[in-house]
Amino acid sequence: MQPFSIFELAKQALGKHRGWQPAWRDAAPKSGYDIVIVGGGGHGLATAFYLAKVHGLTRIAVVEKGWIGGGNAGRNTTIIRSNYGLAGNEPFYEWSMKLWEGLEQALNYNAMVSQRGVLNLYHSDAQRDGYARRGNAMRLHGVDAELLDRARLRQMVPFLDYDNARFPIMGGLYQARGGTARHDAVVWGYARAASALGVDIIQNCEVMGFLRDQSGAVCGVETARGPIAAGKVGIAVAGHSSQVAQLAGIRLPIESHVLQAFVSEGLKPVIPGVITFGAGHFYISQSNKGGLVFGGDIDGYNSYAQRGNLPTAEDVCEGGMALMPMIGRARILRSWGGIMDMTMDGSPIIDRSPVDGLYLNAGWCYGGFKATPASGWCFAHLLATDAAHEVAAAYRLDRFRTGHLIDEKGVGAQPNLH
């Protein structure tokens, strides 16, 4: 398909896109597949793509109860980074960052990956020492990290409130390779590439239960569009992981919470990269359209509603005002909520379930979007080989029973751990 000129784009927009071809096949379900992935978000689609691309499996289906990208994939703040401090996390998120860096070439699709930098501010000597340790841990894993003092920060981001009486800004930990990617484009790119490799993407196909064989192993899914047999079934449904796993009689160590995000009116370029507030949970970047995109803590109660509440919105805006008072002049255009599947230690699960034939990809907490490529890569490896990928080996389901937790402070279900 030849690229459109600007005049053709305008013509297609006014003509309701009648000349555009679908980016992927809207497949009807077949009677059976080698592997069925439940969940048509970024993680599910990435898993299907890597199953086909890396492992050569083509009898794959992705089943989605709504439309592709209608869940958390379209409800996040688009940040990508690998600035983690624990050995169980850092290799995984760095592998994800490396996949981000080559994603557009791998998919032949513009995912708008922008490595504009991620800056985590610190406000005390103790926090500085903590960030120094994190930066050293990153460098030990070959990841870029730079601890900046206040003078260097003033050159980079002069608009911050450095002399705030309660939260003076003393410096920050900077990862230049971090940044943002266009969340919708990531989903569309994976869907298009997976479909081209023979993966069936089945929308409006809610999973109602699991098929079992005589031994009790999962051998397919019961859907709103009929039963679908499968050699293996993988769950990648983010905040609905507990509900879907319960259909197989599994109780996961997960709570579901709403995480709100906000976008302002379009402004001229002002935020050079991603900035996080170390004295409260607030993070902000600026989209290519000029809107300030920001968020903070999860809501403090369990919910499956994709909407937030006013107290949390006020808390997020207070964090923004403490960090950069100029933000108070911007109008908020809209907000939205994604459903976070929060584990007890703030780290994910990529593992076989206690039920044979059923596999889990869940518990991503605040880290779901940035993990998309590596999550798909590692879940595909698990489904194809029945063995954990080396960078995801710590993400076992039984770690909550054995005590091998990966407690990365600031990403778990408990708010205000920054």
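The exercises below work through cysteines, a helix, a buried glutamine, salt bridges and backbone angles in a predicted model.

Because the model is predicted, local features need pLDDT of at least 70 and side-chain atom pairs count only at pLDDT 80 or more, whereas totals for chains, interfaces and linings use all residues. Residues are numbered from 1 along each chain as its sequence is written, and side-chain values use heavy atoms, with hydrogens and water left out.

**Exercise 1. Establish how many disulfides the model holds, and describe the surroundings of C205 and C219.**

Step 1. A disulfide is taken here as a pair of cysteine sulfur atoms within 2.5 Å, and by this rule the count comes to zero.

Step 2. C205 is in no disulfide, since the nearest cysteine sulfur, that of C219, is 16 Å away; C219 is likewise in no disulfide, its nearest cysteine sulfur being that of C205, at 16 Å.

Step 3. For accessibility, buried means under 20% relative accessible area, exposed means over 50%, and partly exposed lies in between (1.4 Å probe, protein chains only). C205 is buried at 0% relative accessible area, while C219 is partly exposed at 25%.

**Exercise 2. Check the length of helix 7 (residues 183-196) against its expected span, and find what covers its buried residues.**

Step 1. Helices (H or I, at least four residues) and strands (E, at least two) are DSSP runs, numbered from the N terminus.

Step 2. The expected span of a helix is 1.5 Å times one less than its number of residues. For the 14 residues of helix 7 the expected span is 20 Å, and the end C-alpha atoms are 20 Å apart, which agrees.

Step 3. Helix 7 is mostly covered, with eleven of its 14 residues buried; among them are H183, D184, Y190 and S195.

Step 4. With contact meaning heavy atoms within 4.5 Å, the elements that cover these buried residues include helix 2 (42-53), helix 3 (90-101), helix 4 (103-107), strand 8 (200-202) and helix 10 (372-385).

Step 5. Following helix 7 comes G198, whose phi is positive, near 105°.

**Exercise 3. Describe the setting of Q175 in its strand, its accessibility and its neighbours.**

Step 1. Q175 belongs to strand 6 (residues 171-175), and at 1% relative accessibility Q175 counts as buried.

Step 2. Leaving aside residues up to four places away in sequence, Q175 touches R81, S82, N83, E94, G117, V118, M138, V143 and D144.

Step 3. For one of these neighbours a distance can be given: the side chain of Q175 reaches the backbone nitrogen of N83 at 3.5 Å.

**Exercise 4. Work out which parts of the chain are joined by the salt bridges of R177 and K232.**

Step 1. A salt bridge is a side-chain nitrogen of Lys or Arg within 4 Å of a carboxyl oxygen of Asp or Glu, and the structure holds 17 of them.

Step 2. R177 and D144 meet through their side chains at 2.9 Å, N to O. R177 lies in the loop between strand 6 and strand 7 (179-180) and D144 in the loop between helix 5 (125-140) and strand 5 (146-149), so the pair ties together parts that are 33 residues apart in sequence. R177 counts as buried at 19% relative accessibility, whereas D144 is partly exposed at 21%.

Step 3. The R177 and D144 residues also belong to a network of salt bridges that links them with E94 and E101.

Step 4. K232 forms a salt bridge with D386, the closest N and O atoms being 3.3 Å apart. This pair links distant parts of the chain, with K232 in strand 11 (residues 226-235) and D386 in the loop between helix 10 and helix 11 (399-402), 154 residues apart. K232 is buried at 17% relative accessible area.

Step 5. D129 and R128 form another salt bridge, at 3.2 Å from N to O; D129 is partly exposed at 36%, and R128 is partly exposed at 29%.

**Exercise 5. Locate M112 and D386, and give the phi of each.**

Step 1. M112, a residue other than glycine, has a positive phi near 55°. M112 is found in the loop between helix 4 and strand 4 (118-122) and counts as partly exposed at 34% relative accessibility.

Step 2. D386 has a positive phi of about 65° although it is not a glycine. D386 lies in the loop between helix 10 and helix 11 and is partly exposed, with a relative accessible area of 31%.

Definitions and conventions: A polar contact is a pair of N or O atoms within 3.5 Å; within protein, one must be able to donate a hydrogen and the other to accept it, and residues adjacent in sequence count only if both atoms are side-chain atoms.
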